[in-house]
Amino acid sequence: MTTLRHAAVTDTGNVRPHNEDSYYCSGTVFAVADGMGGHSAGEVASAIAVKCIEEADTAPLAGAEAVAELVRTINAEIHDEANRDSAKRGMGTTLALAAVVAGDVPAFVVANVGDSRTYLLRDGSLRQISTDHSYVQELVDEGALTLGEARHHPLRNIVTRALGIDAAVEVDTWTIPAVQGDRLMLCSDGLVDEVHDDDILDILSTASAPDDAAGRLVAAAKFAGGKDNITVVVIDVGEPSTPTEAPPDGATRRRGLTLFSVFIGLAIVAASAWVLNGMRGYYVTFDGTDSGAPLVVRTGQPGGWLWMQPRTVTVSDFHRGDALPAIQRQVDREPRFDTLDEAMDFVVVVSGDDDVQG
Ligand code: MN
């Protein structure tokens, strides 16, 4: 039996009021779910996904079809719950799942719906196993956008497939052998939106243990802005690496002191960035939950920040009722922008109209 070691870290990030991500780790089944929907329904959707996985995780899953069937069951559960309760209507969640399946050769089945991802670090190179179900991924597939452009596209967080939205869902799966030394990483988009693949590779290939890797990845995403919830699960295949010989005591103390100073420095920088972040920037939202609510641009922090309330700077003549459900969900995430220009670009793309009142 292959031995696996794992760790998971989730964080609300620096901006969002709630953490709508959920994760599951049992030792053989691992998942990250990124919920979406207004009034905290996203938290409910991702929690239902984790509950269903937990209930099914009593014996090894037989293979890719069994994993896909589990994901379809989760879809039905969330869809039913959304239809039972009008406050949860339209809720959904992404799901990145990796499960060790029964068989002669140790193997993972990786399943994906939405834009949470599964990566594999093997022999020093990082490979994205899953393919996003997102608007920008479709543009990349069509050759209309490069991967670099996709990273910064204003609509990069629009998912084209999620669990709970429709009565049926298509599930993509990949089967990969579990090779000693492999490191798998599952994450929500809050990581990859903030941290470049090169830096993810650097952290994954230098961190000694899964908890170190997961902690450093989440810290990097928060340091880069932390505009979304961040969840990371790291799984190592094989025996733990042998610890290197301990340095002499004096050396440990000196390094401890230096690390402590660096830590304090970083903490001050992070705290200043956090305070400043709350005062500046723009976000786009609908001014209410009814279909007549206009699309608006505000400056400041949703819900206020310390003593400062957000201020509306632009009201468009595009209304909630004019928007497709996918666009409504995107706007309800209250996307943030550094400059008014970027926020206005987003408004123009969403409303498909540049006739916006200033
Ligand atoms: Mn997210």
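Biologist: Which residues does V32 touch, not counting residues up to four places away in sequence?

Modeller: This is a predicted model, in which local features need pLDDT of at least 70, side-chain atom pairs count only at pLDDT 80 or more, and totals for chains, interfaces and linings use all residues. Residues are numbered from 1 along each chain as its sequence is written, and side-chain values use heavy atoms, leaving out hydrogens and water. A contact requires heavy atoms within 4.5 Å. With residues up to four places away in sequence left out, the partners of V32 are S22, Y23, T94, L95, A96, S116, L186, C187, S188, T231 and V233.

Biologist: In which strand does V32 lie, and is V32 buried or exposed?

Modeller: Strands (E, at least two residues) and helices (H or I, at least four) are DSSP runs, numbered from the N terminus. V32 belongs to strand β3. Buried means under 20% relative accessible area, exposed over 50%, and partly exposed in between (1.4 Å probe, protein chains only). The relative accessible area of V32 is 0%, so V32 is buried.

Biologist: What separates the C-alpha atoms of V32 and L95?

Modeller: Along the chain, V32 and L95 are 63 residues apart. In space, the separation of their C-alpha atoms is 5.8 Å.

Biologist: Which residues of the largest nonpolar core touch the most other members?

Modeller: A nonpolar core is a set of buried Ala, Val, Leu, Ile, Met, Phe, Trp, Tyr and Cys residues joined through side-chain atoms within 4.5 Å. The largest nonpolar core has 31 residues. Those touching the most other members are I53, V67, I74, L95, L97 and L163.

Biologist: Which elements give two or more residues to this core?

Modeller: Both helices and strands are represented. The contributors of two or more residues are β3 (29-36), α1 (41-56), α2 (64-84), β5 (95-101) and β6 (107-113).

Biologist: How many residues are in the other core that lies apart from it?

Modeller: Among the members of this other core are L121, M185, A207 and L217. The core lies apart from the largest one, and its residue count is 19.

Biologist: Why is the pair formed by the rings of F337 and F346 given its class, and what is that class?

Modeller: Rings of Phe, Tyr and Trp (its six-membered ring) pair if their centres lie within 6.5 Å; planes under 30 degrees apart count as stacked, over 60 as edge-to-face and the rest as tilted. The count comes to one aromatic pair, and both F337 and F346 are buried. Their ring centres are 5.3 Å apart and their planes stand at 40°, so the pair is tilted.
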